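Work through the exercises below with the sequence and the 3D structure at hand. Try each task before reading its solution.

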Amino acid sequence: MQLRPNRAKETLRTGGTVYSSSVRLPEPGLCEILACAGFDFVLLDSEHGAIGAAEIERLVLGCFAGNTVPVVRVLRNDDPEAVMHALDLGAQGVLLPHCRTVEDARRLRLAALYSPEGQRGFGPGRGSLWGRVDSESYFASINDSVLLLALIEDPEGAENVESIAKSGIDVLWVGTGDLAMGYGVPGQRQHPRVMKAADRILKACQRNNVAAGFPVASVAEAVWAREQGYRAIGFGGAEQYVMQAARQFLEPLGR
């Protein structure tokens with residue numbers, strides 16, 4: 001018996017592009033819907049959403065029901081236990097917020113990977129298919145199957161991105177919203193300072209054979225990002241889609 005494949009990481013490893021969306025509310029059906037729609041992975045946002053440990057487990061199962069990869073966005077960038085716990089609950093990837101230094105990135109690797117590459121505590125359950133995968137096979141494959149992502153969303157992180165890109169993280173994600181905050185232009189995700197930082201992040205990733213991620217709001221923006229060289233593209237969240245569709249219906253009716 002083999003580990004559950006991480007198709008998002010496999011696609012990135014072979015030079016492909018992955019597409020993701022996110023969930024903030026603890027409803028597994030939303031994850032299943034996004035999976036069935038065709039997203040390569042679903043981001044379970046425990047930084048900004050109403051998602052704790054019990055909810056992570058349910059959302060992971062929702063992702064598996066639709067056959068997509070669950071990735072947990074942890075609350076803090078300095079909590080190795082939260083990283084380990086998310087993976088023990090079955091997440092196949094972790095997104096670290098506010099990665100500002102190479103030390104932040106290395107801490108993620110140490111928390112997410114087993115020895116000798118890391119310091120993750122031993123407690124496999126769902127990841128080993130509850131014991132169907134024998135110990136030798138599990139340890140031979142598990143580290144290589146975990147998708148590691150870090151958000152570069154602070155001016156400090158953008159300044160340090162070259163060293164961060166050398167740390168062994170799979171995806172460095174441009175956090176346009178917080179970069180805009182950090183540069184003193186709240187809400188201006190396309191501001192020249194934000195886009196200059198985004199380009200710096202992209203170029204550092206390309207030099208170091210790391211995938212760069214970018215959030216988009218439209219098909220046109222996704223095509224632009226892909227043409228620029230971004231290989232992980234995020235499109236909104238399930239809750240956002242509900243609101244957009246609801247307003248498109250109600251506004252013409254005067255509501």
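A salt bridge is a side-chain nitrogen of Lys or Arg within 4 Å of a carboxyl oxygen of Asp or Glu. The structure used here is a predicted model.

**Exercise 1. A salt bridge between two strands**

Task: Decide how Asp45 and Arg73 are paired, and find where each residue lies.

Solution.
- Step 1. The closest N and O atoms of Asp45 and Arg73 are 3.9 Å apart. The cut-off is 4 Å, and the pair forms a salt bridge.
- Step 2. Asp45 belongs to strand S2 (residues 41-45) and Arg73 to strand S3 (residues 69-73). With their positions 28 residues apart, the pair links distant parts of the chain.
- Step 3. Buried means under 20% relative accessible area. Asp45 has a relative accessible area of 3%, so Asp45 is buried. Arg73 is at 12% relative accessibility and therefore counts as buried.
- Step 4. Salt bridges that share partners join Arg24, Asp45, Glu47 and Arg73 into one network.

**Exercise 2. Two further salt bridges**

Task: Describe the salt bridges Asp170 to Lys9 and Asp154 to Arg100.

Solution.
- Step 1. Between Asp170 and Lys9 the N to O distance is 3.5 Å. Asp170 sits in the loop between helix H8 (161-164) and strand S6 (171-174), Lys9 sits in helix H1 (residues 7-13), and they are 161 residues apart.
- Step 2. Asp170 has a relative accessible area of 22%, so Asp170 is partly exposed. Lys9, with a relative accessible area of 10%, is buried.
- Step 3. Between Asp154 and Arg100 the N to O distance is 3.6 Å. Asp154 lies in the loop between strand S5 (147-152) and helix H7 (155-159), and Arg100 in the loop between strand S4 (93-96) and H5, so the salt bridge ties together parts 54 residues apart in sequence.
- Step 4. Asp154 counts as buried because its relative accessibility is 13%. Arg100, at 29%, counts as partly exposed.
- Step 5. The count for the model comes to 16 salt bridges.

**Exercise 3. A pair of rings**

Task: Classify the ring pair of Tyr114 and Tyr138, and place both residues in the chain.

Solution.
- Step 1. Two rings pair if their centres lie within 6.5 Å, and planes over 60 degrees apart count as edge-to-face. The count comes to nine aromatic pairs.
- Step 2. The ring centres of Tyr114 and Tyr138 are 5.8 Å apart and the planes stand at 65 degrees, so this pair is edge-to-face.
- Step 3. Tyr114 is in the loop between helix H5 (102-112) and helix H6 (135-145), whereas Tyr138 is in helix H6, 24 residues apart.
- Step 4. Both Tyr114 and Tyr138 are buried.
- Step 5. Ring pairs link these two residues with Phe122 and Phe139 into a cluster.

**Exercise 4. The loop between H5 and H6**

Task: Examine Pro116, Leu129 and Gln119 in the loop between H5 and H6.

Solution.
- Step 1. The peptide bond from Ser115 to Pro116 has omega near 10 degrees and is cis.
- Step 2. Leu129 is not a glycine, yet its phi is positive, about 55 degrees. With a relative accessible area of 22%, Leu129 is partly exposed.
- Step 3. Gln119 is at 63% relative accessibility and so counts as exposed.
- Step 4. Leaving aside neighbours within four places in sequence, Gln119 is in contact with Leu110 and Leu113.
- Step 5. The C-alpha atoms of Gln119 and Gln240 are separated by 37 Å, and the two residues are 121 residues apart along the chain.

**Exercise 5. Helix H10 and what follows**

Task: Compare the expected span of helix H10 with the distance between its end C-alpha atoms, then look at Asn209.

Solution.
- Step 1. The expected span is 1.5 Å times one less than the number of residues. Helix H10 (residues 192-207) has 16 residues, so the helix should span 22 Å.
- Step 2. The end C-alpha atoms of H10 are 22 Å apart, which agrees.
- Step 3. The buried residues of H10 include Val194, Met195, Ile201 and Leu202.
- Step 4. Asn209 follows H10, in the loop between H10 and strand S7 (211-216). Its phi is near 55 degrees, a positive value in a residue other than glycine.
- Step 5. At 71% relative accessibility, Asn209 counts as exposed.

Notes: Residues are numbered from 1 along each chain as its sequence is written. This is a predicted model: local features need pLDDT of at least 70, side-chain atom pairs count only at pLDDT 80 or more; totals for chains, interfaces and linings use all residues. Side-chain values use heavy atoms; hydrogens and water are left out. Rings of Phe, Tyr and Trp (its six-membered ring) pair if their centres lie within 6.5 Å; planes under 30 degrees apart count as stacked, over 60 as edge-to-face and the rest as tilted. Helices (H or I, at least four residues) and strands (E, at least two) are DSSP runs, numbered from the N terminus. Buried means under 20% relative accessible area, exposed over 50%, partly exposed in between (1.4 Å probe, protein chains only). Contact means heavy atoms within 4.5 Å.
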